[in-house]
Amino acid sequence: MRRRTRVEVYFTPEEVRAVDLAGATAVVIDVLRATSCIVEAIATGARAVHPAVSVEEAASVQVTLNGPGDRALLCGERGGLRIDGFDLGNSPAEFTAAAVGGRRLVMTTTNGTRAFAAARPAERVLAASFFNQTAVAEAVREDAAVAIVCAGKEGRFSLDDAVCAGHIVRAVLERAATPVTLADGAVAARDLAAVHEVSADMLAGTAAGQALIEVGLGSDLALCARADRHQIIPMMYDRVITAPRG
Ligand code: MLT
């Protein structure tokens with residue numbers, strides 16, 4: 001029988017049921033800003049990103065990772081801002097080679113790291129943002145089941161993630177060698193991407209973009225809108241995100 005690819009988009013992690021991810025490739029998206037930071041960090045040479053759901057979990061994971069002369073960096077945000085005592089916040093511009101090259105990072109964010117927790121039952125888990133959207137589409141275009149998991153915003157739909165998901169759906173459709181079936185969420189995301197161009201202005205009009213502007217981090221929007229700035233596809237293996245292995 002001819003193989004097919006089925007693509008679904010979940011607009012919040014709350015919609016995801018473990019049973020739907022069995023055997024699937026999950027693509028986690030949090031454009032503003034967790035997966036933009038993760039793609040940037042792995043592209044600039046971070047050894048690994050350990051996503052943690054809470055600040056307490058991040059602190060305890062850091063303790064297990066620290067070794068002589070090798071301290072894991074704590075990064076992430078609450079209310080958009082760097083958490084007290086953390087090394088880095090959640091702006092992609094902070095994740096330079098000088099800051100994170102060769103280091104392990106423990107990251108906790110309000111929505112993004114929860115989406116990775118929801119995606120754990122999938123067969124493989126990829127991190128995507130506008131930064132690597134085309135490379136991700138290329139990597140999943142022949143998979144039997146692709147589940148795009150948007151981080152959303154505190155349990156609600158977030159336009160920035162949905163538009164990125166839609167661009168990935170469109171790129172899969174353009175590249176697929178096998179027939180593609182789109183579930184309803186994927187159809188909706190595809191159609192949204194047709195009417196929303198990727199730009200800092202589009203991001204500024206979203207609730208997540210407004211929240212960043214309000215805390216003085218509006219300059220992140222132009223960076224997060226830079227499509228296809230990287231080819232790397234961070235992958236999560238047993239709760240640890242790294243560059244693809246092998
Ligand atoms: C999140 O995971 O909620 C975000 O990435 C939020 C942010 O960066 O401000």
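Biologist: How do the residues of the lining of the largest pocket divide into nonpolar, polar and charged?

Modeller: In this predicted model, the largest pocket is lined by 21 residues, and its volume is about 270 Å³. Sorted by class, the residues of that lining come out as five nonpolar, nine polar and seven charged.

Biologist: Which element gives the most to the lining of the largest pocket?

Modeller: Among the lining residues, Leu32, Glu77, Gly80, Asn111 and Lys153 lie nearest the centre of the largest pocket. The elements that contribute two or more residues to this lining are α7 (159-175) and α10 (207-214). With three residues, the element that gives the most is α10.

Biologist: Where does the ligand sit, and which classes make up the shell around the ligand?

Modeller: The ligand sits in the largest pocket. The residues around the ligand include Asp30, Arg33, Glu77, Thr109, Gly112 and Leu212. By class, that shell consists of three nonpolar, six polar and three charged residues.

Biologist: Which residue has a side-chain N or O atom 2.6 Å from an oxygen atom of the ligand?

Modeller: Two of the polar contacts involve the protein backbone, since a pair of N or O atoms counts when it lies within 3.5 Å: a polar backbone atom of Ala34 is 3.0 Å from a ligand oxygen atom, and a backbone N or O atom of Thr110 lies 3.5 Å from a ligand oxygen atom. The side-chain contact at 2.6 Å, again to an oxygen atom of the ligand, belongs to Asn90.

Biologist: How much of the accessible area that the ligand has on its own does the protein cover?

Modeller: On its own, the ligand has 260 Å² of accessible area. Of this area, the share covered by the protein is 93%.

Biologist: What is the omega of the cis peptide bond that joins Leu32 and Arg33?

Modeller: Most peptide bonds are trans. Leu32 and Arg33, both among the residues around the ligand, are nevertheless joined by a cis peptide bond, and Arg33 lies in the loop between β2 (25-29) and α2 (34-43). For this bond, omega is about 5°.

Biologist: Which residue other than glycine, in the loop between α11 (219-224) and β10 (235-237), has a positive phi?

Modeller: Most residues other than glycine have a negative phi. In the loop between α11 and β10, a phi near 55° is found at Asp228.

How values were computed. Residues are numbered from 1 along each chain as its sequence is written. This is a predicted model: local features need pLDDT of at least 70, side-chain atom pairs count only at pLDDT 80 or more; totals for chains, interfaces and linings use all residues. Side-chain values use heavy atoms; hydrogens and water are left out. A residue is near a molecule or strand if one of its heavy atoms lies within 4 Å of it. A polar contact is a pair of N or O atoms within 3.5 Å; within protein, one must be able to donate a hydrogen and the other to accept it, and residues adjacent in sequence count only if both atoms are side-chain atoms. Accessible areas come from the Shrake-Rupley method with a 1.4 Å probe; for residues, only the protein chains shown count as cover. On a 1 Å grid over the protein atoms alone, a cavity is a set of points where a 1.4 Å probe fits but cannot get out, and a pocket is an open set with protein on both sides within 12 Å along at least five of seven lines; lining residues have an atom within 4 Å of a point. A molecule sits in a cavity or pocket if more than half of its atoms lie within 2 Å of its grid points. Ala, Val, Leu, Ile, Met, Phe, Trp, Tyr, Cys and Pro count as nonpolar, Asp, Glu, Lys and Arg as charged, and the others, Gly among them, as polar. Grid points are joined across faces, edges and corners, and a volume is the space filled by probe spheres set on the points. Helices (H or I, at least four residues) and strands (E, at least two) are DSSP runs, numbered from the N terminus.
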